Amino acid sequence: MRSVTIFGATGSVGEAALALIAHDPARWQVDTLTANTNAKRLAELAGQCGARHVVICDESKRDELVQALAGTGVEVSAGRAALVEAASRPVEVTLAAIVGAAGLLPTLRAAERGGIIAIANKEALVCAGPLILAAAARSGARLLPVDSEHNAIFQVFDFERPERVARIILTASGGPFRQMSTEDMRSVTPEQAVAHPVWSMGAKISVDSATLMNKGLEMIEAERLFPIAEPQIDIVVHPQSIVHSFVEYVDGSLLAQLGTPDMKTPIAYAMAYPDRIETPAEKLDMIAAAKLTFEAADERRFPALRLARAALRAGGSSPVVLNASNEVAVERFLDRRIGFLDIPALCEETLAAVGNCPAGHLDEVVDCDARARSVAARIADEWEKRA
Ligand SMILES: NC(=O)C1=CN([C@@H]2O[C@H](COP(=O)(O)OP(=O)(O)OC[C@H]3O[C@@H](n4cnc5c(N)ncnc54)[C@H](OP(=O)(O)O)[C@@H]3O)[C@@H](O)[C@H]2O)C=CC1
Ligand SMILES: CC(=O)[C@@H](O)[C@H](O)COP(=O)(O)O
Ligand SMILES: [Mn+2]
C-alpha cells in the first residue's frame, strides 16, 4: 500500500488520480486532499477515498467543510499556511496538481521533504524549476513528470547517456483554433476556447492550449526537467494527440510513447513508479486510430510560442513574468474583460514593462510573480479604460 497526498484534488488531474485510486483502492492510502474553494466536492472525494485530512485554502469555506465531514473523523485544515504545512506530512507519493503558480510553495515543500513528487503543476516548474530540482536533490525526492508530453519523454529518454539525445520534440494538438485565421481568433469566446478538441482539462490549461501558451510553458518545463538546452527543444503539431512526444537520438532514431489521450496513464505511471499498474484508460486501437498526422506550429498565428521561446532563452525572471502575466490574461479572458488575442499581447507588454528582476531565490520569485501580476493588471485596466 502506498500513501498519497493530492494537491488540487477537485481539479481535472486530481479527479483523474482519484479515479485511479478508486479503481484499485487496496493499493493506496490517501492522506491529504486539498482544494481552493470547492468544499462540497472536497468533502465528497474525501469520503469516497477514505482520506485522513483535507485542506481548503479559502478560509471562509472552513465551516462548510467541517459540517460536511462531521462525524467522519477526517481532520480539516484551512488557509494558505495549512496548504503548505500539508506538504510536510510524510507520504510516499505527492501529486502536485494545483493550477498556476499557487502550487509553487506546497510543491517546493514536498520536494524538500522527499518521496515521489508526481508533478502536473507545470507553472511551478516554469517559475522555480531549479529551486524544486535542488530541493529534490537534497532530500532525495524523485520528481516524476505527469504532464503527458514530459511523461512520454521521461519514458524514452536515456538519462544515463544524455549526449546521445539530439533533441526532443513536444507534440501539440494545435488546440481548438488550429486552423483559424488571426482575424477570426479576434472574436472567439471563452466557451470556444475551453472546448479542447481532444483532452478534457481545467479551464486555464484549456485556454493555454488554445493560445499554444501551454506548449510554450511546456518547452520551459522540458528544459527544467531534462538535461537539454533550448535549441534542442522542438514542437510539432499532432492533432490526434496519440504520440505524446518524441526523443530523437543522434543516430536518427526517434523514440516515442503513444497512447489514448487520457491523463490516467501518465498519472498512473508517476504514482506507481517504478511499477506499471493496470488503469481504466481506454487502450489505443491503432487500426481505429488509422492515421497520425503532423504539421508545423505557426508562431505567427500563435505568438505565445515565440514569447515562451524568448523567455526560455532570456532566462532569469522572464519565465516567471511570462507565467504571471499569462495567468492574469487568461483569468481576464475567461471573465470576458479582454479578447483572445489580448492574451499574448498582455504577456508581451508585461514582459517589456517589468524587464529583469532577480529570481534566483524563492522570495525573489514570489516578489517577481507579484510584481508581474500587478503590472499586467495595470496594463489591462488601462486597455479597459480606453475601450
Ligand atoms: N488537466 C489536465 O489534463 C492537465 C493538467 N496539467 C497541469 O496540471 C495542473 C492542474 O490542471 P487542472 O487539473 O486542469 O486544473 P483544474 O482547474 O481542473 O483544477 C485545479 C485544482 O487546483 C485547485 N486550485 C485552484 N487555484 C488554487 C489556488 N489558488 N490555491 C490552491 N489550490 C487551487 C482547484 O481547487 P478548486 O476546485 O477548489 O478551485 C483544483 O483542485 C495545471 O498546472 C495544468 O497545467 C498538465 C497536463 C494535463
Ligand atoms: C494532457 C496534457 O498534457 C496537456 O498539456 C495537453 O498537452 C494539452 O494539449 P495541447 O497539446 O493542445 O496543449
Ligand atoms: Mn501537456
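## A hairpin of two strands

In this predicted model, β10 and β11 make a hairpin. Four residues lie between the two strands. One residue in the turn is Gly252, which has a positive phi of about 95 degrees.

Strand β10 covers residues 243–249, and strand β11 covers residues 254–258. The two run antiparallel and are joined by four bridges. To find one facing pair, look at Phe246: it stands opposite Ala256 in β11.

## The seven-stranded sheet

Strands of a sheet pair through backbone hydrogen bonds, and the pairing can be parallel or antiparallel. The hairpin was antiparallel. Now turn to an open sheet of seven strands, where the pairing is parallel. Read across the sheet and the order is β4-β3-β2-β1-β5-β6-β7.

Which strands form the edges? They are β4 (75–78) and β7 (142–145), and each pairs on one side only. From one strand to the next, the twist averages 20 degrees. At the β4 edge, β3 (residues 53–56) pairs with β4 in the parallel sense over four bridges. There, Val55 stands opposite Ser77 in β4.

## Helices across the sheet

Helix α5 spans residues 104–113. It lies across β1 (2–7), β5 (93–96), β6 (116–119) and β7. Its angle to β6 is about 155 degrees.

Helix α12, residues 264–272, also lies across β1, β5, β6 and β7. Helix α12 runs at about 165 degrees to β6.

## A buried helix, α10

Is α10 largely enclosed or largely open? Eight of its nine residues are buried, so the rest of the structure largely encloses it. The buried residues are Lys204, Ile205, Ser206, Val207, Asp208, Ser209, Ala210 and Thr211. Their cover includes α9 (190–194), α11, α14 (303–314), α15 (318–334) and α16 (342–354).

One of these neighbours, α11, deserves a closer look. The axes of α10 and α11 come within 5 Å and cross at roughly 95 degrees. Angles of 65 to 115 degrees count as roughly perpendicular, so α10 is roughly perpendicular to α11. On the α10 side, the contact uses Ile205, Asp208, Ser209 and Thr211. On the α11 side, it uses Met213, Asn214 and Leu217. By class, the contact residues are three nonpolar, three polar and one charged.

## Two ligand sites

Ligand 1 has 28 residues around it. The nearest are Gly8, Gly11, Ala102, Met201 and Gly202. Three elements give two or more residues to this shell: α1 (12–23), α6 (122–139) and α10. The largest share comes from α1, with three residues. By class, the shell has 13 nonpolar, 11 polar and four charged residues.

Ligand 2 is surrounded by Asp147, Ser148, Glu149, Ala172, Ser173, Gly175, Trp199, Ile205, Ser209, Asn214, Lys215 and Met263. Its shell holds four nonpolar, five polar and three charged residues. At least two residues come from each of α7 (148–156), α10 (203–211) and α11 (213–225). Helix α10 thus appears in both shells. Ile205 and Ser209 line ligand 2, and both also meet α11. Asn214 surrounds ligand 2 as well, and it belongs to the α11 side of the helix contact.

## Unusual backbone spots

Most residues other than glycine have a negative phi, and most peptide bonds are trans. Three spots here go the other way. Leu212 has a phi near 70 degrees, a positive value in a residue other than glycine. Leu212 is found in the loop between α10 and α11. Arg336 also has a positive phi, near 60 degrees. Arg336 lies in the loop between α15 and α16.

Which of these is buried, and which is exposed? The counts settle it. Leu212 has 29 other C-beta atoms within 10 Å, so it is buried. Arg336 has 9 within 10 Å, so it is exposed. The third spot is a cis peptide bond between Tyr273 and Pro274, with omega at about 5 degrees. Pro274 is found in the loop between α12 and α13 (286–289).

How values were computed
Residues numbered from 1 in each chain as written. Chains lettered and ligands numbered in written order. Predicted model: local features only at pLDDT ≥ 70, side-chain atom pairs only at ≥ 80, totals over all residues. Near = placed C-beta within 6 Å. Nonpolar A, V, L, I, M, F, W, Y, C, P; charged D, E, K, R; others polar. Buried ≥ 20, exposed ≤ 12 C-beta atoms within 10 Å, placed from the backbone. Contact = placed C-beta atoms within 7 Å. Pairing = 2+ DSSP bridges. Axes fitted to C-alpha atoms, helices over the stretch in contact; angles between N-to-C directions. Parallel < 35°, antiparallel > 145°, perpendicular 65-115°, else oblique.
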